[in-house]
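Reader: I am new to this structure. Can you show me how to read the site around a ligand?

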Amino acid sequence: MKRSIYIEFLIGYIIFAIVSVVMIQTLGVYLVNKRITKNEAHYLYTGVSAVASDFYHYIYNQRGNEEGFSEYLESAKAYLNCELFVINSSEDKTVVASTSTTTFLMSIPDFDQEYFGNQYYKVGNLYGTLDDGSLIVYYPVVHNYNVAYYCIGYTDAGYVKSIVASVISYIYLICGVLYGISFIILLIFHFRIYIPLKRVTAVTKEYAKGNYEYVSDRKLPKGNEMETLSTSVRFMGEKFKSMEDDEKKFIANVSHDFRSPLTSIHGYIEAMRDGTIPPENYDKYFGIVITEADRLKKLTENLLVLNTSGGNKKLDLREFDLNEVLRNTLLSFEVQCEKKNILLDVIYGQKTYVVCADKLKIQQVLYNLVDNAIKFSHNDSTITIKTYSKGEKIFTSIKDTGIGISKESINKIWNRFYKSDTSRGKDKTGTGLGLSIVKEIITNHGENINCISTEGVGSEFIFSLARGKTDDSHDPIVEAMISEN
Ligand code: ADP
């Protein structure tokens with residue numbers, strides 16, 4: 001079964017809480033206990049050593065008796081907050097002074113310094129005389145290089161434990177606050193990330209099923225990165241939808257454009273075979289059949305070009321002279337121009353313009369643009385073709401004084417299969433693919449193409465290309481003119 005991130009977070013949160021409690025209860029208690037015991041022992045040791053030195057002074061300088069010291073011990077007990085007693089070093093190790101009546105005059109014959117090991121304190125019961133877990137500190141009283149007495153201080157077992165418990169309770173309190181905060185963070189995550197993500201996922205699942213029109217019945221997230229995500233997903237859906245529509249339109253257009261010439265070719269040939277068209281009219285109808293076949297050929301060629309220039313197809317970028325490519329391309333239009341008596345007025349800003357581009361593709365761009373300019377120009381007119389540079393760009397402009405493009409059509413001319421109604425009279429063989437090929441090639445180069453047109457006046461197509469590294473042309477006059485405009 002797939003586990004969601006949310007469940008994993010929740011499990012992680014619970015495991016984290018359990019592990020923390022176990023850690024505090026074991027390692028935490030152990031470390032705090034160790035630290036507090038050491039601190040307390042040190043504090044007691046300082047007090048007991050002072051008591052031992054006072055005891056020495058009392059016995060050996062003031063010649064006081066041992067029992068009388070109990071009174072002094074009582075006041076030290078109040079100050080140090082612990083029980084105190086003194087043992088002599090005789091055979092039976094008798095308690096000679098004490099703050100507690102239970103230990104007074106008790107003897108601890110086994111008492112030995114070794115009991116404490118190499119420490120000055122120990123947690124234990126001092127040979128069964130004290131409660132288990134008492135913190136015991138000792139300090140020897142040395143006279144004439146011999147240990148004569150031991151001063152001993154101790155606190156009962158509950159004392160250190162109560163301090164440890166209060167420290168641990170503070171740690172739990174802090175942990176509780178932290179858990180509370182992290183739970184709030186978990187809730188924020190739940191409402192701000194998990195729920196919106198679930199909704200966006202539901203939308204993508206619908207898209208995956210092909211339901212691109214699906215709109216979530218719940219509100220999609222707003223005001224954070226999730227909104228950007230949901231907007232992108234929605235945009236993706238719209239894109240898929242339009243791609244699907246485009247694909248349908250494309251297939252419909254292709255089939256239509258293939259079917260109509262084929263139908264007429266089929267119709268005329270059939271009519272010739274069954275004698276509906278008499279042999280003396282064959283010439284006329286052969287002409288029509290050839291035109292239709294040409295249209296089919298052009299359509300196939302254009303589809304192939306469109307297929308090879310699409311999206312991420314690699315460009316063969318090289319440096320070449322744009323003027324030379326333009327000159328060669330224009331040669332193929334001689335017959336067409338002669339037929340319509342059109343003059344091609346070519347203005348090269350400089351003798352050569354080295355650009356960095358895919359030569360064959362740019363040739364195709366020039367061909368399509370000039371072909372259109374001629375097709376949509378009136379007889380006896382002039383088409384002006386210019387190359388010029390500005391900064392790091394080389395521009396080519398193809399301007400005709402033909403039928404022009406209406407405002408409604410100007411944004412559609414780049415679409416595949418688009419042909420404006422007005423153009424249909426002038427352009428019988430057009431496939432409506434030429435400009436979409438041009439646009440795709442120029443966009444693939446990372447460059448721009450624009451069309452300025454007025455219906456009934458004419459059109460100008462201008463596109464840019466990157467100047468080649470080896471280009472040394474510079475048009476100060478033309479550039480100045482352009483920047484003035
Ligand atoms: P086609 O291959 O049929 O010429 P295009 O994609 O090249 O298709 O052009 C699409 C449409 O744009 C044409 O049908 C025409 O309506 C319009 N168009 C293109 N170039 C010109 C032009 N120079 N003058 C007027 N209309 C033009």
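Reader: Which residues around the ligand come nearest?

Author: Keep in mind that this is a predicted model. To find neighbours, look for residues with a heavy atom within 4 Å of the molecule. Here 22 residues surround the ligand. Asn 372, Lys 375, Ser 420, Gly 432 and Leu 435 come nearest.

Reader: How do I read the classes in that shell, and how many residues are nonpolar, polar or charged?

Author: Sort each residue by class, then count. The shell around the ligand has nine nonpolar and nine polar residues. Four more are charged.

Reader: Which elements each supply at least two residues of the shell?

Author: Helix 8 (359-375), helix 11 (434-444) and strand 12 (458-466) do. Helix 8 gives the most, with three residues.

Reader: Now the polar contacts. What lies 2.7 Å from an oxygen atom of the ligand?

Author: Look for pairs of N or O atoms within 3.5 Å. A backbone N or O atom of Leu 435 lies at 2.7 Å from a ligand oxygen. For Gly 434, a backbone N or O atom is 3.3 Å from an oxygen atom of the ligand. Ser 459 uses its side chain: a polar atom there lies 3.3 Å from a ligand nitrogen.

Reader: How much of the ligand's accessible area does the protein cover?

Author: Compare the ligand on its own with the ligand in place. Alone, the ligand has 540 Å² of accessible area, and the protein covers 99% of that.

Reader: Which pocket does the ligand take up?

Author: The ligand takes the space of the largest pocket. That pocket holds about 580 Å³ of space. Its lining has 32 residues. Closest to the centre are Asn 372, Lys 375, Phe 376, Gly 434 and Leu 435.

Reader: What gives the most to that lining?

Author: Helix 8 does, with eight residues. Helix 5 (282-309), helix 11 and strand 12 each supply at least two. By class, the lining divides into 13 nonpolar, 12 polar and seven charged residues.

Definitions and conventions
Residues numbered from 1 in each chain as written. Predicted model: local features only at pLDDT ≥ 70, side-chain atom pairs only at ≥ 80, totals over all residues. Heavy atoms only, no water. Polar contact = N/O pair within 3.5 Å; in protein donor to acceptor, adjacent residues only side chain to side chain. Areas by Shrake-Rupley, 256 points an atom, 1.4 Å probe, with all protein chains shown as cover. 1 Å grid on protein atoms, 1.4 Å probe; cavity = no way out; pocket = protein on both sides within 12 Å on 5 of 7 lines; lining within 4 Å. Sits in = over half its atoms within 2 Å of the grid points. Helix = DSSP H or I, 4+ residues; strand = E, 2+ residues; numbered from the N terminus. Nonpolar A, V, L, I, M, F, W, Y, C, P; charged D, E, K, R; others polar. Points joined across faces, edges and corners; volume = space filled by probe spheres on them.
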